[in-house]
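Please open the structure in your viewer and keep the selection panel at hand. The tour below moves from one selection to the next and says what is there at each stop.

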Amino acid sequence: MNLIFLGPPGAGKGTQAKALQERFGFRQISTGDILRANVRQGTPLGVEAKGYMDDGKLVPDDLIIRMMDAELEQGGNVILDGFPRTVPQAQALDDLLGRKHRSAVAVLFDVDQDVLIDRLTGRWTHLPSGRVYHERYAPPKVAGIDDVTGEPLVQRDDDKETTIRKRLAEYEQLTTPLIGYYDNPADPRLVKVDALAPIDAVTKQLVDMIQNDGGGRASA
Ligand code: AP5
């Protein structure tokens, strides 16, 4: 089974992708983490993407689709964390998966906007691995230090309140149409989880859904 994680910034997509990766061996493909690695390494993709990311805007579809085409060349079951985010990206993904005879279930992280600023401004990230913590909801054992490597945690440049508000506006305008795209009565491919629940309770909903074969929506 392949999963597409859909939901606004701060909904918990990365947190849950890491939990399921450990438990079921999915490969997490986070477009945000790949882009941030490119920015850190100063690649041409990173140089082009940085301005959009710092401004809370989506990176242009053609760059993202080319990047994902290469990522999906590798096999194994994947969690797509942060892709697709626009209707053209979803159409390109259907095309890519179709060519590889694969399919995917979309999981919508259903959450109220009011909690998102608090989640994101309290988030601390281990950039090399993409592991995330929260100063109150999921604190590291030692403040500011990654539990696994002992390396420092940082706050992401785009987790400032003004940038978060722009990211939320981009989500509303460009990504919410994907809910209808995947919740199509002729070909239902959308499952919802209550992402307002505590972290472990969200994981349990996802584990139940996977063990129930995507609520009957998964075929490969
Ligand atoms: P990306 O890195 O994908 O960011 P995002 O979608 O904005 O998502 P986040 O990583 O902010 O949130 P999340 O849902 O993963 O939450 P998390 O688990 O960390 O994208 C960044 C940028 O890259 C974009 O703005 C864009 O520019 C570009 N980009 C990426 N993909 C693109 C694409 N496909 N097309 C174009 N551009 C693209 O959790 C957040 C915090 O809450 C953490 O501190 C966590 O500990 C805590 N938390 C999680 N769950 C819970 C819970 N249930 N209860 C309490 N706290 C919780």
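**Starting at the ligand**

Select Gly12 together with the ligand: a backbone N or O atom of Gly12 lies 3.0 Å from an oxygen atom of the ligand. Bear in mind throughout that this is a predicted model. Next, add Val59, where a backbone N or O atom lies 3.0 Å from a nitrogen atom of the ligand. Then show the side chain of Arg156, one of whose N or O atoms is 3.1 Å from an oxygen atom of the ligand. With the surface switched on, consider that the ligand on its own has 1000 Å² of accessible area, of which the protein covers 97%.

**The shell around the ligand**

Now widen the selection to the 37 residues around the ligand, among which Thr15, Lys57, Arg85, Arg123 and Arg167 come nearest. Colouring this shell by class gives 19 nonpolar, nine polar and nine charged residues. If you colour by secondary structure instead, the elements that give two or more residues to the shell are α1 (13-24), α2, α6 (116-121), β6 (131-134) and α9 (199-211). Which element gives the largest share of the shell? That element is α2, with four residues, and α2 is therefore a convenient place to go next.**From α2 to α3**

Select helix α2 (residues 31-41) and helix α3 (residues 44-54), and look along the line that joins them. Two packed helices are described by the angle between their axes and the distance between the axes. Here the axes of α2 and α3 come within 8 Å and cross at roughly 115°, and α2 passes α3 in a left-handed crossing. To see the contact itself, show Gly32, Leu35, Arg36, Asn38 and Val39 on the α2 side, which meet Leu45, Gly46, Ala49, Lys50 and Met53 in α3. Sorted by class, this contact of α2 with α3 has five nonpolar, three polar and two charged residues.

**Two stops in the backbone**

Move on to the loop between β3 (78-81) and α5 (87-99), where Pro84 lies. Show the backbone of Phe83 and Pro84, since the peptide bond that joins them is cis, with omega about 0°. Finally, follow the chain to the loop between α5 and β4 (105-110), which is the place of His101. What is the sign of phi at His101? Phi of His101 is near 55°, a positive value in a residue other than glycine.

How values were computed
Residues numbered from 1 in each chain as written. Predicted model: local features only at pLDDT ≥ 70, side-chain atom pairs only at ≥ 80, totals over all residues. Heavy atoms only, no water. Axes fitted to C-alpha atoms, helices over the stretch in contact; angles between N-to-C directions. Left-handed = near helix turned anticlockwise from the far one by under 90°. Contact = heavy atoms within 4.5 Å. Nonpolar A, V, L, I, M, F, W, Y, C, P; charged D, E, K, R; others polar. Near = heavy atom within 4 Å. Polar contact = N/O pair within 3.5 Å; in protein donor to acceptor, adjacent residues only side chain to side chain. Areas by Shrake-Rupley, 256 points an atom, 1.4 Å probe, with all protein chains shown as cover.
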